[in-house]
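Me: I am new to this structure and would like a close look at a single part of it. Please take one pairing of strands, go through it slowly, and then move on to the charged contacts.

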Amino acid sequence: LRRNAGRGSGCRKQVGKNGHGVPGAMTKQRIWTFVVRTLLDAGVRFLIVGGWAREFHGHEHQARDLDLFVEFSAENWPKLRLALQQFNVNVPFYEELSPRSNPVRIRDLNPDVDLLTGIKGVSFDEAWSEGVETAFDGCLQVRVLSKAHVFLSGRATCCPDDRALGD
């Protein structure tokens, strides 16, 4: 996002992999870039939410992890499963999950990346239609949760950092 725009590009393809499919000896930022590139290359629909979205919208917040809001649909889910195969992540089949179940949170991708199928206060379709397009790490086109939706989600979860964006 904006904080990385002036730095050297972390968007070059990396070679060499550790046991989790992520290139070895990488910084947290490069791991995030690698994950985002992998999802984009597979055609997965997602938005950046959480600390990155707060930071993007000007809140003094240092993102400690990368939260991605992934569309939970019969069309998107196979793309996600395929993209995550190289990371040795076991993602359930779409048909095994209930739309009424709690949002799926995939945490075994990397300790610093969360893939979410739901966030409080905002549906994926609403978030996608009002998401802000930007360049992640200066070169990957992504959508970020809108400032209004960061605020709504913060109110729904009682997160003071997110509610402060509405001021």
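Reply: Phe136 has Leu140 as its bridge partner in strand S6, and this is a statement about a predicted model rather than an experimental one. The pairing to which these residues belong joins strand S5, residues 132-136, to strand S6, residues 140-144, in the antiparallel sense and over five bridges. Three residues lie between the two strands of this hairpin, and Asp137 takes a positive phi near 55° there.

Turning to the charged contacts, a search of the whole structure finds four salt bridges. One of them is formed by Lys28 and Asp112, whose closest N and O atoms are 3.9 Å apart. This pair links distant parts of the chain, since Lys28 belongs to helix H1 (residues 28-41) while Asp112 sits in the loop between strand S3 and strand S4, 84 residues apart. Lys28 counts as partly exposed because its relative accessibility is 37%, and Asp112 is also partly exposed, at 21%.

Another salt bridge brings together the side chains of Glu71 and Arg45, at 2.9 Å from N to O. Here too distant parts of the chain are linked, with Glu71 in the loop between strand S2 and helix H3 and Arg45 in the loop between H1 and strand S1, 26 residues apart. Glu71 has a relative accessibility of 14% and therefore counts as buried, whereas Arg45, with a relative accessible area of 27%, is partly exposed.

A further salt bridge joins Lys79 to Glu75, with 3.8 Å between the closest N and O atoms; Lys79 is partly exposed at 28% relative accessibility, while Glu75 is exposed, with a relative accessible area of 61%.

Note on methods. Residues numbered from 1 in each chain as written. Predicted model: local features only at pLDDT ≥ 70, side-chain atom pairs only at ≥ 80, totals over all residues. Heavy atoms only, no water. Pairing = 2+ DSSP bridges. Helix = DSSP H or I, 4+ residues; strand = E, 2+ residues; numbered from the N terminus. Buried < 20%, exposed > 50% of the residue type's maximum accessible area, 1.4 Å probe, protein only.
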